[in-house]
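Please open the structure in your viewer and keep the sequence panel beside it. This tour suggests what to select at each stop and then describes what is there.

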Amino acid sequence: MNRTLTLLSTAIVCGAVLSCNSKKETESIATNAPDVKTYPLMKKAAWLIGSWGNTTPEGILTEKWNKENDSVYHGESYFVIGKDTVFSESIQLEESNGKLVYNVTVPGQNNGQATPFELTSSSDSQMIFENLKHDFPSKITYNKITNDSLVAEISGMQKGKPATETFEMKRQ
């Protein structure tokens, strides 16, 4: 019985010591662990997430944004006249190395490669992306009007003249 108590006491003391060491190791690992990567520019763009659209006499515009992960949002934009999709594009908004890039892929253009537009200005309600080497558009602007409405604008040179197109959208 005495031997059993001694073994039990030893086991409890060892368990307590190991528990303390384990806690110290965990604290040490936690304080020495690399910082969790944050993406502040992506957080500023979070208001894009969701479905947006507008119906006009010319057709139906739809733009949808999903969060793929903390550093990438995926967007798709379509313009439909009647039952025909007359324009579509795929967009990847990605934050990497402190830069936010709007990569646009349009079927049948640029050999299927994305055209990058880098964020040049932003606030809580506006983002401006530019690629001055691209003719049209060379600038893409998103303006948050309210939580449920936004205006997208593309501008640049078209046939040697400045051109701008504006797209008002409401949350769907």
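**Starting at the N terminus**

Begin by selecting residues 1-31, where pLDDT stays under 50 and where the model has 0 contacts beyond four places in sequence. This is a predicted model, and over the chain as a whole the pLDDT averages 85, with 79% of the residues scoring at least 70.

**The whole chain**

Now select the whole chain and colour it by secondary structure, which shows 2 helices and 10 strands. If you follow the elements from the N terminus on, they run α-α-β-β-β-β-β-β-β-β-β-β. Of the 172 residues of the chain, 30% count as buried, while the chain exposes about 11,500 Å², of which carbon and sulfur atoms supply 53%. Among contacts between residues at least 6 apart in sequence, 27% join residues at least 24 apart.

**The nonpolar core**

In soluble globular proteins, nonpolar side chains tend to be buried together. To look at such a group here, select Trp65, Leu93, Tyr102, Phe129 and Tyr142, which have the most contacts inside the largest nonpolar core, a set of 28 residues. Then keep Leu93 alone and ask which residues Leu93 touches, not counting residues up to four places away in sequence. The list includes Trp65, Tyr102 and Phe129, and among the others are Met42, Ala45, Leu48 and Leu100.

**Along strand E4**

Move next to Gln92, which is found in strand E4. Gln92 counts as partly exposed because its relative accessibility is 29%, a value that falls between the 20% limit for buried and the 50% limit for exposed. Leaving aside residues up to four places away in sequence, Gln92 touches Val72, Tyr73, Val101, Tyr102 and Asn103. If you draw a distance from the C-alpha of Gln92 to the C-alpha of Ala114, you should find 8.9 Å between two residues that are 22 residues apart in sequence.

Stay in strand E4, which covers residues 84-96, and select Val86. Val86 has 49% relative accessibility and therefore counts as partly exposed. Add Ile81 and Phe87 to the selection, and you have a nonpolar patch on the surface in which the three residues together offer about 250 Å² of accessible area.

**Two salt bridges**

How many salt bridges does the count come to? The count comes to 2, and you can visit each of them in turn. Select Asp70 and Lys67 for one of them, where the closest N and O atoms are 3.3 Å apart; Asp70 is partly exposed, with a relative accessible area of 49%.

For the other, select Arg171 and Asp148, whose closest N and O atoms are 3.4 Å apart. Arg171 lies in strand E10 (residues 161-171) and Asp148 in the loop between strand E8 (139-146) and strand E9 (149-158), so this pair ties together parts that are 23 residues apart in sequence. Both partners are partly exposed, Arg171 with a relative accessible area of 31% and Asp148 with 47%.

**Last stop in strand E10**

Finally, select Glu165, whose place is also in strand E10. Glu165 is partly exposed, with a relative accessible area of 32%. Beyond four places in sequence, Glu165 touches Phe136, Ala152, Glu153, Ile154 and Gln158. As a closing step, draw the distance between the C-alpha atoms of Glu165 and Pro137, which are 28 residues apart along the chain and separated by 9.2 Å.

Methods: Residues numbered from 1 in each chain as written. Predicted model: local features only at pLDDT ≥ 70, side-chain atom pairs only at ≥ 80, totals over all residues. Heavy atoms only, no water. Patch = residues over 30% accessible without salt bridge, like charges linked within 9 Å, V, L, I, M, F, W, Y side chains within 5 Å. Areas by Shrake-Rupley, 256 points an atom, 1.4 Å probe, with all protein chains shown as cover. Salt bridge = Lys/Arg side-chain N within 4 Å of Asp/Glu carboxyl O. Helix = DSSP H or I, 4+ residues; strand = E, 2+ residues; numbered from the N terminus. Buried < 20%, exposed > 50% of the residue type's maximum accessible area, 1.4 Å probe, protein only. Core = buried A, V, L, I, M, F, W, Y, C linked by side-chain atoms within 4.5 Å. Contact = heavy atoms within 4.5 Å. pLDDT = per-residue confidence, 0-100.
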